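Trainee: I would like to go through this model step by step. Where should we begin?

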Amino acid sequence: YTPYDWNPPQRLRRKKYRDEVYSLANKVARKSILAWGGDPTKITHVVAVTTGCCEPGVACHVIRDCGLGPDTGKIDLNLNGCFAGATAIRCATDIYRADPRRVVLVVAAECPSTMFNITTHEKDQFLSNLLFADAAGAAIVSCEGKWELHDWSTYVIPKSMGTLTLHEATTKENETYEVHLGV
């Protein structure tokens with residue numbers, strides 16, 4: 001064991017995040033393209049979302065690693081939480097509606113394990129450590145495929161702004177972001 005085994009510094013957490021988030025994103029992107037059954041060279045845009053932030057972003061890695069064209073448009077929605085999946089679908093739908101010949105790959109990848117706060121004694125941080133896990137998902141928005149999106153919406157619940165928060169650590173012992181889940 002090293003001093004960092006349980007509470008690694010931010011630079012080590014960021015490296016682990018980059019390694020994991022790119023791997024997760026590429027895996028689900030490939031599966032989504034396969035399930036879609038269309039021609040990957042027809043994908044015109046990639047919209048990617050993640051809680052973290054890195055450059056080049058997740059979209060660039062997906063474009064390169066899935067063999068998409070260098071002219072593929074990209075949107076990276078970084079430092080957004082799980083709600084950003086709905087935002088990504090909205091962006092993809094807007095791109096598609098502007099020109100139905102467009103094919104948009106949406107990828108969401110999260111690695112909250114790199115933000116795990118082992119030093120916390122606060123119930124809301126401990127609960128968020130337990131609830132959120134590394135995961136990813138992807139979908140294709142196009143005029144062809146097995147699924148149809150008929151309608152959708154988002155809604156901000158009044159007085160809910162402080163229910164889930166993410167900010168830099170406030171103590172020297174904690175080398176990560178603090179995720180607070182109101183309970």
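Mentor: Begin with a term: contact means heavy atoms within 4.5 Å. Keep in mind that this is a predicted model.

Trainee: Which elements cover the buried residues of H2?

Mentor: Helix H2 spans residues 58–65, and its buried residues are Val58, Ala59, His61, Val62 and Ile63. Buried here means under 20% relative accessible area. The cover over these residues includes helix H1 (10–36) and the strands E1 (45–49), E2 (73–77) and E3 (104–110).

Trainee: Across which strands does H2 lie, and at what angle does it run to E2?

Mentor: E1, E2 and E3 also appear among the elements that cover the buried residues of H2. H2 lies across E1, E2 and E3, and its angle to E2 is about 140°.

Trainee: Which strands are at the edges of the sheet?

Mentor: The sheet is open and has four strands in the order E2-E1-E3-E4, with mixed pairing. An edge strand pairs on one side only, and this holds for E2 and E4 (135–141).

Trainee: In what sense do E3 and E4 pair, and over how many bridges?

Mentor: Strands of a sheet pair through backbone hydrogen bonds, either parallel or antiparallel. One bridge here joins Ala109 to its partner Ala136 in E4. For E3 and E4 the sense is antiparallel, and the count is seven bridges.

Trainee: What angle does the direction of H1 make with that of E4?

Mentor: H1 packs on the sheet and touches both E3 and E4. Its direction and that of E4 make an angle of about 35°.

Trainee: Why are Asp19 and Lys15 about one helical turn apart?

Mentor: The side chains of these two residues meet in a salt bridge, 3.0 Å from N to O. An α-helix has 3.6 residues a turn, so residues three or four places apart point the same way. Asp19 and Lys15 are separated by about one turn because both lie in helix H1, four residues apart.

Trainee: Is Asp76 buried or exposed?

Mentor: Asp76 forms a salt bridge with Lys74, with the closest N and O atoms 3.4 Å apart. Lys74 has 40% relative accessibility, so it counts as partly exposed. The relative accessible area of Asp76 is 18%, and the cut-off is 20%, so Asp76 is buried.

Trainee: Which residues make the nonpolar surface patch?

Mentor: One member is in strand E5 (residues 164–168), namely Leu164. At 40% relative accessibility, Leu164 counts as partly exposed. The patch covers about 260 Å², and it is made by Leu131, Phe132 and Leu164.

Definitions and conventions
Residues are numbered from 1 along each chain as its sequence is written. This is a predicted model: local features need pLDDT of at least 70, side-chain atom pairs count only at pLDDT 80 or more; totals for chains, interfaces and linings use all residues. Side-chain values use heavy atoms; hydrogens and water are left out. Buried means under 20% relative accessible area, exposed over 50%, partly exposed in between (1.4 Å probe, protein chains only). Helices (H or I, at least four residues) and strands (E, at least two) are DSSP runs, numbered from the N terminus. Patches are made of residues with over 30% relative accessible area and no salt bridge: like charges are joined within 9 Å, nonpolar side chains (Val, Leu, Ile, Met, Phe, Trp, Tyr) within 5 Å. Accessible areas come from the Shrake-Rupley method with a 1.4 Å probe; for residues, only the protein chains shown count as cover. A salt bridge is a side-chain nitrogen of Lys or Arg within 4 Å of a carboxyl oxygen of Asp or Glu. Two strands pair if DSSP finds at least two bridges between them. Axes are lines fitted to C-alpha atoms, for helices over the stretch in contact, and angles run from 0 to 180 degrees between N-to-C directions.
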